[in-house]
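Here's a quick tour of a fold, starting with how two helices meet and working out to the sheet and the core. Have the viewer open as you read.

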Amino acid sequence: MTPTQFLEQCEYDESEIELMSFRLSTQALPQSSRLLAKAAVGIASDAITDQELRYNLDLVVFEACANVVRHAYPEHDPGLLCIELEVATGKFIRFRVLDWGKGFPELPVKISNPPPESESGRGLFIVSQLATDLAITREDDTTVVTITLNVREDQWIQCE
């Protein structure tokens with residue numbers, strides 16, 4: 001049964017579905033990272049009705065994955081890209097984008113809107129503007145970008 005089928009049936013006690021967790025991974029290559037982001041966003045989107053929020057989910061996850069592809073690993077040696085997804089029904093959706101690449105030069109990362117002539121740096125700024133919370137950490141040899149979006153009650157699929 002797919003998450004969509006499960007939610008569409010609406011034959012469950014909401015207290016039983018407080019948190020659904022998923023973990024997806026692939027190589028950090030452009031095509032596979034996009035498919036990975038689409039899969040994670042698809043799972044999360046199955047629980048919400050708001051089209052703008054779905055668009056925002058897609059944008060923030062795609063940007064985080066694209067950053068891994070562009071910056072985490074040497075060009076000819078792509079490593080692993082992983083998305084951990086939490087859907088806390090009635091509360092929030094959280095994506096953790098993980099890589100085992102070189103990491104950010106310094107933490108905490110200072111996120112600002114780059115000048116128009118800048119060729120990069122907009123992705124994390126966009127994510128920071130759309131997310132309720134954005135955290136960038138290094139856990140041992142793993143870079144973790146945690147993106148949390150609070151979801152209003154009226155944006156969730158409602159069971160009748």
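Helix 3 and helix 4 cross in a left-handed way, meaning that the near helix is turned anticlockwise from the far one by less than a right angle. Their axes come within 9 Å and cross at roughly 145°; axes here are lines fitted to C-alpha atoms, for helices over the stretch in contact, with angles from 0 to 180 degrees between N-to-C directions. On the helix 3 side the contact (heavy atoms within 4.5 Å) is made by Asn 56, Leu 59, Val 60, Glu 63 and Asn 67, and on the helix 4 side by Gly 123, Leu 124, Ile 126, Val 127 and Leu 130. Those residues split into six nonpolar, three polar and one charged, with Gly counted as polar.

Keep in mind that this is a predicted model, where local features need pLDDT of at least 70, side-chain atom pairs count only at pLDDT 80 or more, and totals for chains, interfaces and linings use all residues. Residues are numbered from 1 along each chain as its sequence is written, and side-chain values use heavy atoms, leaving out hydrogens and water.

Now the sheet: five strands in an open sheet, ordered 1-2-3-5-4 with antiparallel pairing. Helices (H or I, at least four residues) and strands (E, at least two) are DSSP runs numbered from the N terminus, and strands pair if DSSP finds at least two bridges between them. Strand 1 and strand 4 each have a single partner strand, so one side of each lacks a neighbour in the sheet. Two of the pairings look like this:

| Strand pair | Bridges | One bridge partner pair |
|---|---|---|
| Strand 3 and strand 5 | Eight | Phe 92 and Asn 150 |
| Strand 4 and strand 5 | Seven | Thr 137 and Val 144 |

Strand 4 and strand 5 also form a hairpin with two residues between them, and Asp 140 in that turn has a positive phi of about 60°. Helix 4 lies across these two strands, running at about 125° to strand 4.

Leu 134 sits in strand 4. Is Leu 134 buried or exposed? Neither, quite: at 21% relative accessibility it counts as partly exposed, as buried means under 20%, exposed over 50%, and partly exposed in between (1.4 Å probe, protein chains only). Beyond four places in sequence, Leu 134 contacts residues including Leu 124, Val 127 and Ile 147.

Ile 147 is also one of the residues touching the most other members of the largest nonpolar core, which has 35 residues. Such a core is a set of buried Ala, Val, Leu, Ile, Met, Phe, Trp, Tyr and Cys residues joined through side-chain atoms within 4.5 Å. Helix 3 supplies the largest share, eight residues.
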